[in-house]
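Okay, thanks for coming, everyone. I'll put the structure up and then walk you through the parts I'd like you to look at.

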Amino acid sequence: MRWVNRQVGRGGRVLLGAVPILLLVLVYIVMAANRHAVNPADKILPLPGAMAESMSALLFVPDQLTGQLVFWADTLASLQRLGIGLGISTLMALAVGLALGVLPSVRATLGPLVTGIAVIPPIALLPILFIALGLGETAKVALIVIGIAPVMIRDIAAHVGALPREQTIKALTLGANSWQVMIRVALPQAMPRLLHAMRLALGPAWVFLISAEAIASDVGLGYRIFLVRRYLSMDVILPYVAWIALLAILMDLALTFLSRRLFPWAHGESH
Amino acid sequence: MSTLLSFRDVWVEYGDRIIIEKLNLDIEEGAFVSIVGPSGAGKSSFLRLILGQEGPSQGTILMDGVPLRPECGPDRGVVFQRYSVFPHLTALRNTILGIECEKAPVLGRLFGSARRAAEEEAIEMLTAVGLGHSLDLYPAQMSGGMQQRLAIAQALVKRPRILLLDEPFGALDPGIRADMHKLIRSLWRERALTIVMVTHDIREAFTLGTRVLALDKRRHDPHAPHRFGATVVYDLPMRERPEEDSDESEIITIDVNSNN
């Protein structure tokens, strides 16, 4: 049988998917063991035991200075920034994207501005944000919003603009006004796309979050990684990176699940 | 029968391209007008004129003696070949949308007893087109024929003065098309509709219509084909046929497999 026709079953998919990950872990452990055989005090490739040890301190032992459990405080701070940034961006994408997509006058007015902002590299604006908004939470959330909102707005606007013209006309012949076309025709059809845009925006959002935290912060996952870098603490950095990856995957899965659950009509679920 | 729609010296031009020239036409109330003609003869432009999607470059279109505003409105219903129903709404919700838009200008949704009344009206209409058992299906779960039935119900719930059909059965296979012909014909007769239908199918035009209009260019300049527009070249009244409708009510219901 030719390769294009070989389907993989459910169990097979799990197995095949796990192979490269396990292989990578194995390669790491072999390399780490080799280095430790030469130099037992090696910090570059720590063994799992060392990682567990230093992570348990961050997980369960309160910090002497602040009295907080560092790992959880970092996670909470980062997720809060990410959540607020993503939330604001999503609302903006929905409101501005809908208006841009449906109303020609809004498109003519705001279209060039949104495009203009979207092409500026957000990191280049970070100094401006720090100067204007200070080094607090606002600047970090603002960086995330500036980074992902324009892309999301353009995505939603393009999606709404690409809805068949027949739908708008049909709605008008059913007596709808502009507002009703927006909330009854465009909005519901933009929602699955919005969740999709959120999934795609999560990657850049993490980038901007870590960048902002690396530059000016006193708590957060990105802050911690860049802080312990000074001590070559790979035993903290690696678990933190893995934790970020896990959080990102969970968010992605949750958004996919939500979209399928809330908008079954958009996922081609037939008879 | 009184005149519902009249065209007086109507021209449609895009830049120096002339699509429709010097169109004079009256459409009576209760007529079933079929529009035929070659591609590019302005059939779609003609429909867009009535629909209000665009206005004439010159001339006037009167509906009940009042000039037509170049904007779509609830007095003119439409069924397109595709994209006539909203994919995110079930059949029932697709159909009550017209009622909701009229009665709930801000929320666009009805609740409580108003909602139930609207649903009753919609169910009655869906039953009339043979979708009484498919109220909760999404369009993606329906066949092409069922989607067109839904589109018709959705338009008729607004009780439009005129129903416009833009090649409504063009994408359906022949058996289902025959069923749809019976359906539209019986709806037209029972509800005293005025229908304007654009079609590529000459047979369909002649069997369904009470009047067949052929749009084409009267003159042709081979060096500048775009400089002459189309107008009505044939205007054929059809003889009233006896309806072969003894078993009509059975035909317009969907069969159990819902495969039409």
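**A walk through chains A and B**

Let's begin with A:Leu232, which counts as exposed because just 12 other C-beta atoms lie within 10 Å, and 12 or fewer is the cut-off for that label. Before I go on: this is a predicted model, so keep that in mind throughout. Where does A:Leu232 sit? You'll find A:Leu232 in the loop that joins α9 (221–228) to α10 (234–262) in chain A. Its phi is near 55°, which is positive, and A:Leu232 isn't a glycine. As background, most residues other than glycine have a negative phi.

Chain B has a residue like that to show you as well. B:Tyr83 has a positive phi, near 60°, and again the residue is something other than glycine. B:Tyr83 is in the loop between β6 and α2 of chain B. Is B:Tyr83 buried or exposed? Well, B:Tyr83 has 18 other C-beta atoms within 10 Å, so it's called partly exposed.

Now swing over to helix α8 of chain A, residues 178–215. The helix has 38 residues, and a straight one would reach 56 Å at 1.5 Å a residue, yet the C-alpha atoms at its ends are only 45 Å apart. Where does α8(A) bend? Look at A:Leu187: the bend there is about 45°, and there's a proline, A:Pro188, within the four residues that follow.

Just before that helix is α7 of chain A, residues 165–173. Its buried residues are A:Ile169, A:Lys170, A:Ala171, A:Leu172 and A:Thr173. And what do they pack against? In chain A, that's α8, and in chain B, it's α1 (43–51), β6 and α4. After α7(A) comes A:Gly175, with a positive phi near 95°.

That takes us to where the two chains meet. On the chain B side, 26 residues are in contact with 21 residues of chain A. The elements of chain B that give two or more residues to that side are β6 (76–79), α2 (91–103) and α4 (144–156). Of these, α2(B) gives the most, with four residues. If you sort the chain B side by type, you get 14 nonpolar, nine polar and three charged.

Next, the inside. The largest nonpolar core has 117 residues, and the ones with the most contacts inside it include A:Leu143, A:Ala205, B:Ile35 and B:Ile195. Which element gives the most to this core? It's α8(A), with 16 residues. Take A:Ala205 as an example: beyond its neighbours within four places in sequence, A:Ala205 is in contact with A:Leu82, A:Gly85, A:Leu86, A:Ile144, A:Gly147 and A:Ile148.

One more stop in chain B, at B:Ile20 in strand β2, residues 17–28. B:Ile20 is buried, because 25 other C-beta atoms lie within 10 Å and 20 is enough to qualify. Leaving out residues up to four places away, B:Ile20 touches, among others, B:Val10, B:Trp11, B:Val12, B:Phe46 and B:Ala230. As for B:Pro38, B:Ile20 is 18 residues away from it in sequence and 13 Å away in space, C-alpha to C-alpha.

Last thing, zooming back out. The domain assignment splits chain A into domain 1 (3–45) and domain 2 (58–267). Taken over C-alpha atoms, the centres of those two domains of chain A are 32 Å apart. That's my tour, so over to you.

Definitions and conventions: Residues are numbered from 1 along each chain as its sequence is written. Chains are lettered from A and ligands numbered from 1 in the order in which they are written. This is a predicted model: local features need pLDDT of at least 70, side-chain atom pairs count only at pLDDT 80 or more; totals for chains, interfaces and linings use all residues. The expected span of a helix is 1.5 Å times one less than its number of residues. The bend at a residue is the angle between axes fitted to the seven residues ending there and the seven starting there. Two residues are in contact if their C-beta atoms, placed from the backbone, lie within 7 Å. Ala, Val, Leu, Ile, Met, Phe, Trp, Tyr, Cys and Pro count as nonpolar, Asp, Glu, Lys and Arg as charged, and the others, Gly among them, as polar. Domain bounds come from an automatic or database domain assignment. A nonpolar core is a set of buried Ala, Val, Leu, Ile, Met, Phe, Trp, Tyr and Cys residues joined through C-beta atoms within 7 Å.
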